[in-house]
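Colleague: I would like to go through this model with you, one question at a time. Please spell out each term when it comes up.

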Amino acid sequence: MKIYFEMEKKTITISVYNIIADKTAMDVDQGQKIFERIDKAFKESLYIDVSFQNIELITTAFLNTAFGQLYRDHKEDFIREHLKTSNLTNSGMIKLKKVVETAKLYYKDPKALEQSIKDILED
Amino acid sequence: MRFSNISNDFNSYQQLITFYEENKDEFFLNIQLDINNFFCANVSAVLGAILDKLILNANNIHFRSIDDKIKEILKKNDFLSFYGYNSEVDIHNTTIKYKKILPTDGKYFVNYIEKELIDSNLSILPRMSKGIKEGIIEAIYEVFVNAQIHSQTKYIYSCGQFFPGSNELFFTLVDTGISIKNCVNKRFKSNLTSVQAIKWALVDRNTTKEHITGGIGLALLKDFIKNNRGLMQIISNDGYYSLDDGREVYKLFSGQFPGTVVTIKFKTDDKHHYSLKNEKDINFENIF
């Protein structure tokens, strides 16, 4: 007789609409609430589905705060494995992709922005 | 002060800055205004912000003469309600109300935009595609959030106007906060000019935020305006930037605007499919 042990994936759903109580995900305070939920669940190694059901409009400021910061405190591989989104609009997806790429670059070298000032002065 | 044509161009903003510079150190004055030529209603946000600065010095504002047609529009968009006039109903639905909003009141701003641009009978709505409508609203939110995060302003002033004949929607947001130049120089202990600071802020991923990413909103907005063949203007202190039909211009004003103005013109008959743009390049399964 063979016995299979399977690690159960504990997945929780974070509903953006439920947390911000609005169909517009616009500002930093709203993003911070989502970030804190994800961060807390990550510390328990949970798998997370961030649901954007009923969210109609999203700004990059919201996404930067909710998702960008995760790359400061967690490894890229861990995030990729433990996090997914659902019901995100196409324009939201495009913005999120941009936010994620920016965060990966930024946290690799936070001092790079200083160089951008020099670049403008030399322009 | 007698204004000549006030529209959305460098010379019009220069007139407003000159008016501010001439009166900014005055106290207990009766400041007289004459608006008898063209006045583009969205610029109410800029004039309102300037007048509030002058009122802070206990000056009185008096509209000595206003052309009847301009008066009608400025009553319809509620601007003149702040200066002793009654409001008027806009039966043609081309105005977007003048508002003074606390930066902390994002929810109020969203309700205002929904009321003015989504739920209203604004005569542009039937002609706009879903993609462009969402793009316009998200663009306006990005500008508002920028002012909310960075400007340290007391109020954010906003106003818009729709021109059905040319299918153009103008929207202006103004803050009287620390300006882009001071924000960048404070963060990086640098000494950029206003124009250099605007240039820097428009570069993708540049942000003055610390320990957190940002700087995407304005760059995305620029792309959106380019595709839409619209117009985007930034006035901050003595710096001027415009992106008009794909062409970028930087200039210096004589005198300083006490904060930052962002004006956007959207072409509402645009047929681009914005929501699908770049979709093929994105691996939706592996976004993180």
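**Salt bridges, contacts and buried sites**

Modeller: The side chains of A:Arg80 and A:Glu76 meet in a salt bridge, 3.2 Å from N to O; a salt bridge is a side-chain nitrogen of Lys or Arg within 4 Å of a carboxyl oxygen of Asp or Glu. This is a predicted model, in which local features need pLDDT of at least 70 and side-chain atom pairs count only at pLDDT 80 or more, while totals for chains, interfaces and linings use all residues. Residues are numbered from 1 along each chain as its sequence is written, chains are lettered from A and ligands numbered from 1 in the order in which they are written, and side-chain values use heavy atoms, with hydrogens and water left out.

Colleague: By about how much of a helix are A:Arg80 and A:Glu76 separated?

Modeller: Helices (H or I, at least four residues) and strands (E, at least two) are DSSP runs, numbered from the N terminus. Both residues lie in helix H5 of chain A. They are four residues apart there, so the separation is about one helical turn.

Colleague: Is A:Glu76 buried, partly exposed or exposed?

Modeller: Buried means under 20% relative accessible area, exposed means over 50%, and partly exposed is in between (1.4 Å probe, protein chains only). A:Glu76 has a relative accessible area of 28%. Its partner A:Arg80 has 32% and is partly exposed. A:Glu76, because of its 28%, also counts as partly exposed.

Colleague: Which residue forms a salt bridge with A:Lys43?

Modeller: The closest N and O atoms of this pair are 2.9 Å apart. The two residues are four apart in helix H2 (residues 28–43) of chain A. A:Lys43 is exposed at 60% relative accessibility, whereas its partner is buried at 10%. The partner is A:Asp39.

Colleague: Which residue of chain A meets B:Asp204 in a salt bridge?

Modeller: B:Asp204 is in the loop between helix H7 (194–201) and helix H8 (217–228) of chain B, and the pair crosses between chains to helix H6 of chain A. B:Asp204 is partly exposed, at 28% relative accessibility. The N to O distance is 2.5 Å, and the residue in chain A is A:Lys98.

Colleague: How many salt bridges are there between chain A and chain B?

Modeller: Side chains of opposite charge can pair when their charged atoms come close. One pair across the two chains is A:Lys23 with B:Glu114, at 3.8 Å from N to O. Over all chains the count comes to 20 salt bridges. Between chain A and chain B it is six.

Colleague: Which element gives the most to the side of chain A that touches chain B?

Modeller: Contact means heavy atoms within 4.5 Å, and 51 residues of chain A are in contact with 44 residues of chain B. There are 16 residue pairs in polar contact between the chains, both residues at pLDDT 80 or more; a polar contact is a pair of N or O atoms within 3.5 Å, where within protein one must be able to donate a hydrogen and the other to accept it, and residues adjacent in sequence count only if both atoms are side-chain atoms. Elements that each supply at least two residues include helix H3 (60–68), helix H6 (90–108) and helix H7 (112–122) of chain A. The one that gives the most, with 17 residues, is H6(A).

Colleague: How many disulfides are there over all chains?

Modeller: A disulfide is a covalent bond between the sulfur atoms of two cysteines, and the rule used is a pair of cysteine sulfur atoms within 2.5 Å. The sulfur of B:Cys40 is 9.4 Å from the closest cysteine sulfur, in B:Cys159, so it is too far for a bond. B:Cys40 is buried, at 4% relative accessible area. The count of disulfides over all chains is zero.

Colleague: With which side chain does the side chain of B:Thr263 make a polar contact?

Modeller: B:Thr263 is in strand E8 (residues 247–267) of chain B and is buried, with a relative accessible area of 0%. Leaving out residues up to four places away in sequence, B:Thr263 touches several residues, among them B:Asn8, B:Asn42 and B:Phe170. B:Asn42 is also buried at 0%. The polar contact of B:Thr263, at 2.8 Å, is with the side chain of B:Thr172.
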